[in-house]
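Biologist: Could you take me slowly through how the helices pack in this model, and then through the core that lies behind that packing? I am in my first year, so please explain each term when you first use it.

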Amino acid sequence: MFGETAPLQPIKPAYRLRILSDAQLEQLQAATLEILEEVGVHCPLDEALSIYADHGASVDFQAQVARLPPQVVLDAMSHAPRYYTLAGRRSAFDLVLDGTATYCGTDGCGVATIDFATGERRPSVKDDVAKMARISDYLSAISFYWPMVTAHDFPIGSPLHELDASFNNTVKHVQSETVMDKVTAGYAVEMARVVAEDASALRERPPLSLLVCCIAPLGLDAGGMAAALTLAEAGLPVGFMSMATTGSTAPATIVGTVVQADAEIVAAMALVQMAHPGAPVFHSLMPGVMHPRTGGYLSLAWEAELPYPVGVELAHNWGVPTLAAIFGPDAEAPGWEAGKASASNLLMCALCGADTANGMGLLEGCTVLYPEELVLDTDIYHQIRINAAGLDTTKEALALDVIKEVGPRGHYLAHQHTRAQLRKRQFSDVTRQIGPDGSVRDPIEVAREKTEWILANHRPEPLEEVQRAELTRLVQAAERELEHR
């Protein structure tokens with residue numbers, strides 16, 4: 001018996017925010033085009049270099065550098081679709097990227113977890129991916145699922161094991177960020193086809209998408225680009241993220257980091273459009289800042305939050321959807337630091353019109369999973385979702401008749417309008433919870449309790465038995481091929 005997955009609750013802003021003026025957007029786009037033409041990008045994949053060359057780029061095959069004239073970039077990007085759908089297993093869980101809503105997902109690529117039972121740190125395993133998929137399936141704030149941690153117990157073919165655990169434990173869209181070579185990508189496409197049930201549905205309602213990270217400064221990964229081209233050929237959406245770091249792998253200014261990172265992303269998106277015009281792509285800017293005293297990576301330093309909503313505006317200026325970076329703070333445990341670093345960033349990205357956003361559930365710069373952190377992050381999410389929806393000014397909300405009825409020195413406690421409206425109010429089920437002794441409970445303790453309840457009680461709608469068996473067969477076949485490569 002499975003439990004019903006709650007309807008998605010995306011953020012639907014009633015008002016908008018602009019960070020950059022039109023003139024600034026033009027200035028940054030011109031800077032990106034200048035970098036691509038005069039400096040170019042390094043890509044050690046012969047197939048990619050040949051595609052660039054065939055479409056008008058100046059390619060040094062020995063140095064593995066492609067320089068892209070502005071018109072070549074603009075022509076390629078003109079084919080990229082602005083709107084498309086990321087599909088769930090059922091249409092009720094589709095993410096329609098039409099510019100009206102922000103859909104948020106989990107974070108991924110974590111390498112360790114705090115064991116929920118023992119509280120000890122340990123390497124993550126496939127079962128952690130499955131459990132977090134189940135929790136994500138239950139939470140209405142989560143619209144799509146990234147495999148949150150690595151399946152270390154399957155060193156060969158771990159990305160496919162992560163997809164297997166994901167597809168089997170959520171009806172929501174799955175987005176991978178670890179499928180990074182052509183062979184693995186081919187099997188990932190076949191797994192997505194099993195979930196979609198046929199090739200035409202795979203293109204119309206893709207249940208899988210891929211995020212590929214660029215290599216700062218100005219580099220594209222050979223395996224990642226091979227995977228991207230494989231998924232794009234099958235009609236599956238592919239995005240590119242730059243994590244250029246101010247002061248180390250990018251200039252020591254925020255805007256210099258932004259334009260370099262944008263050039264990396266655009267070079268990759270343009271390549272996909274050259275090879276497969278009209279293939280769905282998306283743009284993702286997640287730069288960091290180097291701490292000048294430690295050399296450490298900071299994902300959400302004070303001024304380092306601004307590039308995330310700026311990335312949203314850059315993506316839309318290029319005519320593609322965006323995956324905005326949210327959450328993923330540098331904090332080493334759930335608490336004040338983790339919470340304060342995330343709320344403003346999510347609000348800014350949503351108000352700038354982010355189509356999708358990721359980063360919920362991991363700490364220590366997106367490397368460590370605390371299972372209860374996902375519940376804590378969704379509490380922040382719902383506060384932002386409600387605030388972004390704007391103010392209700394209908395007659396019922398203005399309550400002028402009620403105010404007149406109650407009059408001076410009266411009270412509203414017994415009024416029918418009060419009872420009706422309070423039933424509509426939404427309150428946190430994590431904060432301000434009263435314990436048996438009448439005291440306010442620790443929100444982290446409440447989040448752990450809720451996480452435990454979800455794991456004990458929620459079973460997402462399963463795949464058909466034949467689908468589960470076929471996914472297992474594909475993963476095992478991939479292991480054999482990858483082991484003997």
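Modeller: Let us begin with helix α1 (residues 22-38) and helix α10 (residues 307-318), whose axes come within 11 Å and cross at roughly 75°. That angle makes α1 roughly perpendicular to α10, since angles of 65 to 115 degrees are given that name, while those under 35 degrees count as roughly parallel, those over 145 as roughly antiparallel and the rest as oblique. The axes are lines fitted to C-alpha atoms, for helices over the stretch in contact, and the angles run from 0 to 180 degrees between N-to-C directions. Helices (H or I, at least four residues) and strands (E, at least two) are DSSP runs, numbered from the N terminus.

This is a predicted model, in which local features need pLDDT of at least 70 and side-chain atom pairs count only at pLDDT 80 or more, whereas totals for chains, interfaces and linings use all residues. Residues are numbered from 1 along each chain as its sequence is written, and side-chain values use heavy atoms, with hydrogens and water left out.

Returning to the first pair, α1 brings Leu25, Leu28, Gln29, Thr32 and Leu33 to the contact, and α10 brings Glu313, Leu314, Asn317 and Trp318, where contact means heavy atoms within 4.5 Å. Of these residues, five are nonpolar, three polar and one charged; here Ala, Val, Leu, Ile, Met, Phe, Trp, Tyr, Cys and Pro count as nonpolar, Asp, Glu, Lys and Arg as charged, and the others, Gly among them, as polar.

Both of these helices also meet α3 (residues 70-77), in which Val72, Val73, Ala76 and Met77 are buried, meaning that each has under 20% relative accessible area, with exposed being over 50% and partly exposed in between (1.4 Å probe, protein chains only). These four residues are on the same side of α3 because they cover an arc of only 120° around the axis, the arc being that of the directions from the helix axis to the C-beta atoms. The buried residues of α3 pack against α1, α9 and α10.

Helix α9 takes part in another packing as well, for α2 (residues 46-54) lies against it at an angle of about 75°, with the two axes 10 Å apart. That makes α2 roughly perpendicular to α9. Ala48, Ile51 and Tyr52 of α2 meet Ala267, Ala268, Leu271, Met274 and Ala275 of α9, and the residues of this contact divide into eight nonpolar, no polar and no charged.

Now to the core itself. The largest nonpolar core has 84 residues, and those with the most contacts inside it are Tyr52, Met77, Leu163, Phe167, Leu220 and Phe240; such a core is a set of buried Ala, Val, Leu, Ile, Met, Phe, Trp, Tyr and Cys residues joined through side-chain atoms within 4.5 Å. Helix α9 (residues 254-275) gives the most to this core, with 13 residues. In soluble globular proteins, nonpolar side chains tend to be buried together.

Tyr52 shows how separate parts of the chain meet: leaving aside its neighbours within four places in sequence, Tyr52 is in contact with Val41, Ala57, Val59, Ala66, Leu68, Leu220, Ala267, Ala268, Leu271 and Met274. There is also a second, separate core of 58 residues, which includes Ile135, Phe144, Leu362 and Leu369.
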